[in-house]
Amino acid sequence: MSEVATRPAPNLLSNGWIKTGLILIGVVLAAIVGAQLDSSGTLHKVLIDPFQQMVSAPDLLVQTVWEGLVSGVLYALIALGFVLIFKASGVFNFAQGIMVVFAALTLVGLHEKGVPAFLAVILTLGVMFLLALTIERVVLRPLVNQPDIILFMATFGITYFLIGFGEAVFGGNPKQMITSELYLPKGAIDAKILGGFVSFQKIDIAAAIIASIMIAALAVFFQYTRIGRALRAVADSHKAALSVGISLNQIWVIVWFTAGIVALITGIMWGARSDVSFALEIVALKALPVLILGGFTSIPGAIVGGLIIGIGEKLGEFYWGPLIGGGIESWLAYFIALGFLLFRPQGLFGDKIIERI
Amino acid sequence: MNAEPMNLTGTPIPAKKGEILLSVENVSLRFGGVKAISGVSFDIRKGEVRAIIGPNGAGKTSMLNCINGFYHPQEGQITYKGVRRARMKPHQAAAAGIARTFQNVALFKGMSTLDNIMTGRTLKMRRGFFWQALRQGPAMAEEIEHRKVVEDIIDFLQIEHIRKLPVGKLPYGLQKRVELGRALAMEPELLLLDEPMAGMNLEEKEDMCRFILDVNNQFGTTIALIEHDMGVVMDLSDRVVVLEYGRKIADGTPDEVKQDQKVIDAYLGVAH
């Protein structure tokens, strides 16, 4: 199951990093020379001016990077949900995005019905567990041993089911996340940095800390416990896992439940920054470039990939966006991912796919 | 070897040879219209080395897959330790003490030798999800205890030097050995080996033979193995069952089987 596809690796130089580095240096040199010779100033605007701006107003740069970092953390959280399921079952779970929305909606919805905030969190976890159980029973178990593409399509089914079910139960209107009831901080800290004020939203700081703790906990869990080992074992070989007495059904429930927990935390954090609505589902698609960058099977990859995409797109939007009329945030991530596919198709940390012939 | 058979945690196990551990009665397995096994019966006695041989496509691996619950035969029944079973799942078979290795090694390639063998302890570890998640107290003590058993197995198989290496990078012969180690970590009563010596050179084959005999003698483990190398089969096994085109054509001691005309025909072909 773990062989995803055969991707012929480019074979110009044996070490991909050296090659990428050389190309980057070449591009930078060509750019500088080009900008010097360029009379109309277009190249200057693209290649020199943004960097001059960064140097002349470092506080703005810090602000932009910080905002990128925060959205990067949230992308990383979504990507983490994908990676968990992909590692354990080889399924690309298209429904991860809607699971985020569904978890957040359940939480807010329960609170609206008068359930105290923390009890609502526990109940939502219960709902996510039931969801994992149902998905395993109704979707995964009957489709065991089917090709990956069938399972992928099945997750589309789960997505649309959850959209419909969520709307039917909670209505389609955007809702407010119950941040203060969960004792999440509000407001901002203004810090004087590099000759200007940079404003840090407290909720963003909290998000970064919570995400880091969760990621560290997951990493330890995966690396050092029996169940973690079983999860990795299932990812590598189904039949071998079965032969040592690992129950696939049980593992799938655990994995989907873990992905559900990640979804709930992601939902709370995203919801606190904007509304809880089905529009969030689109944000989840940003996890795709993150995964291409980081590799589909790597937890550190999801994190680093998320940060690169988050920071990259904020910097791009702020410094280069105005040159072509803005709005590049929505597609820049995919553009970066495309560039990566050309040079390192397995991602930064992904397993290199070597197919024996 | 040792005077008294012991299992890996040091408790002696009774080695009553001759008692029937597993019996296969009249088993048939079909895939759509293809009959992989038709009406095969044989038994495996406690403590013996039982070989299953036959030409390619005879249904040997399918037979093992039935025994460990990967396949469910449409007809016939399998009785293990006196319990007749209907549809046993692989993890239930594992819990009942059946371990196996595969024809083409099936290891967890990204994990180290140590971790691979540790997965064999999965069913022996009992601490729940929450202790595991905390990685504290009882879960930690348990981890250490099982780690010791695994280290003993690593010593036994002489693979200390590759403990921390990811198994995907190891040579084939060593991978086969790690796979045996993972099966041994389950402390099985019945060990199913699917071509444990396929693709090995002479030296590796001799090592593997020695390990199989040691496992059988020292731990008293019952072994069923599929093997193509006739020399190995004749040396190792107490009794041999021969399959051809999904049917049993002979059953008996290596010497009896060697003399059997049907077996000779199956292996050398008949003049038409």
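The following dialogue examines helices and a chain contact in a predicted model.

Tutor: Local features here need pLDDT of at least 70, and side-chain atom pairs count only at pLDDT 80 or more, whereas totals for chains, interfaces and linings use all residues. Residues are numbered from 1 along each chain as its sequence is written, and chains are lettered from A in the order in which they are written.

Student: Why is helix 4 of chain A called roughly perpendicular to helix 10 of chain A?

Tutor: Helix 4 (residues 96-112) and helix 10 (residues 248-273) of chain A pack at about 70°, their axes being 7 Å apart. Angles of 65 to 115 degrees count as roughly perpendicular, so helix 4 of chain A is roughly perpendicular to helix 10 of chain A.

Student: Which residues of helix 4 of chain A make the contact?

Tutor: Among them are A:Met99, A:Ala103 and A:Leu107, and their partners in helix 10 of chain A include A:Ala263 and A:Ile268. Residues are in contact if their C-beta atoms, placed from the backbone, lie within 7 Å. By class, this contact has 11 nonpolar, five polar and no charged residues.

Student: How do you know that the span of helix 2 of chain A agrees with its 15 residues?

Tutor: The expected span is 1.5 Å times one less than the number of residues. For helix 2 (residues 42-56) of chain A that gives 21 Å, and the end C-alpha atoms are 20 Å apart, which agrees. Helix 2 of chain A also has a kink of about 45° at A:Ile48, shortly before the proline A:Pro50.

Student: How many residues does each chain give to the contact of chain A with chain B?

Tutor: Chain A gives 21 residues and chain B gives 26 residues. Helix 8 of chain A supplies the largest share of the chain A side, seven residues.

Technical notes
Axes are lines fitted to C-alpha atoms, for helices over the stretch in contact, and angles run from 0 to 180 degrees between N-to-C directions. Helices (H or I, at least four residues) and strands (E, at least two) are DSSP runs, numbered from the N terminus. Angles under 35 degrees count as roughly parallel, over 145 as roughly antiparallel, 65 to 115 as roughly perpendicular and the rest as oblique. Two residues are in contact if their C-beta atoms, placed from the backbone, lie within 7 Å. Ala, Val, Leu, Ile, Met, Phe, Trp, Tyr, Cys and Pro count as nonpolar, Asp, Glu, Lys and Arg as charged, and the others, Gly among them, as polar. The bend at a residue is the angle between axes fitted to the seven residues ending there and the seven starting there.
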